[in-house]
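I opened my notebook to look over a protein structure and jot down what I found. Here are my entries, in the order I made them.

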Amino acid sequence: MTMAEGARPWYRRLWDGWMVVARAIGNFNARLLLSLFYFLVILPLGLVVGTARDFMGIRRRPQSSWHPKTDSPRSIEEGRRQF
């Protein structure tokens, strides 16, 4: 025996209504909490690290991109023993 779609019990309609309200509350909370986390944790940390260190060496502008080659002894034995 199945109930028709229009004859759902009152508690099912109440549950569906609550799910609409709960989804709206969840969306608001997620946006609020993630925004607070970004502005209170990530942004200050990024500003401090960004002004304190240059991890990738971007600010240091060398005269040339070439690096001097280090000489290594060239012999048959060195060629055979590559690793």
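**Entry 1: one arginine and its partner.** I noted at the start that I am working with a predicted model. I picked R12 and looked up its cover: R12 is partly exposed, because its relative accessible area is 41%, and partly exposed covers the range between 20% and 50%. Next I looked for a partner and found D16, whose side chain meets that of R12 in a salt bridge, at 3.6 Å from N to O.

Why are D16 and R12 separated by about one helical turn? They are four residues apart in helix α1, so about one turn of the helix lies between them. I wrote the general rule beside this: an α-helix has 3.6 residues a turn, so residues three or four places apart point the same way.

**Entry 2: a second partner for D16.** I stayed with D16 and found that D16 also forms a salt bridge with R8, where the closest N and O atoms are 2.8 Å apart. I checked the cover of both side chains. D16 counts as partly exposed because its relative accessibility is 23%, and R8 counts as partly exposed because its value is 28%.

**Entry 3: the other salt bridge.** How many salt bridges does the structure hold? I found three. One of them links E77 with R80, with 3.3 Å between the closest N and O atoms. E77 and R80 are three residues apart in helix α2, which runs over residues 76-80, so they too are separated by about one helical turn. I looked up their exposure as well: E77 is partly exposed at 48% relative accessible area, while R80 counts as exposed at 65%. Then I drew the links on paper and saw that shared partners join R8, R12 and D16 into one network of salt bridges. A reminder to myself: side chains of opposite charge can pair when their charged atoms come close.

**Entry 4: the helices.** How many helices and strands does the protein have? I counted two helices and zero strands. I then followed helix α1, which takes in residues 10-52 and has 43 residues. From its first C-alpha to its last, α1 reaches 61 Å, close to the 63 Å expected at 1.5 Å a residue. I also looked for a bend, and α1 has a kink of about 35° centred on Y38.

**Entry 5: aromatic rings.** The structure holds two aromatic pairs. In one, W10 and Y11 sit edge-to-face, at 5.9 Å centre to centre and with 85° between the planes. Buried or exposed, I asked of W10 and Y11? W10 is exposed, and Y11 is exposed too.

In the other pair, Y38 and F39 are edge-to-face, with 5.1 Å between the centres and 80° between the planes. Y38, which I had already met at the kink, has its place in helix α1. Y38 counts as partly exposed because its relative accessibility is 39%. F39 is exposed, because its relative accessible area of 52% is over the 50% cut-off.

**Entry 6: the surface.** Which residues make the nonpolar surface patch of about 1200 Å²? Y38 and F39 are among them, along with F28, L32, L33, L36, F37, L40, V41, I42, L43 and L47. For the whole protein, I noted an exposed area of about 8700 Å², and carbon and sulfur atoms supply 65% of it. My last check was on burial: of the 83 residues of the protein, 2% count as buried.

Technical notes
Residues numbered from 1 in each chain as written. Predicted model: local features only at pLDDT ≥ 70, side-chain atom pairs only at ≥ 80, totals over all residues. Heavy atoms only, no water. Phe/Tyr/Trp six-rings, centres within 6.5 Å; stacked < 30°, edge-to-face > 60°. Buried < 20%, exposed > 50% of the residue type's maximum accessible area, 1.4 Å probe, protein only. Areas by Shrake-Rupley, 256 points an atom, 1.4 Å probe, with all protein chains shown as cover. Expected span 1.5 Å × (residues − 1). Bend = angle between axes of the 7 residues up to and from the residue. Patch = residues over 30% accessible without salt bridge, like charges linked within 9 Å, V, L, I, M, F, W, Y side chains within 5 Å. Salt bridge = Lys/Arg side-chain N within 4 Å of Asp/Glu carboxyl O.
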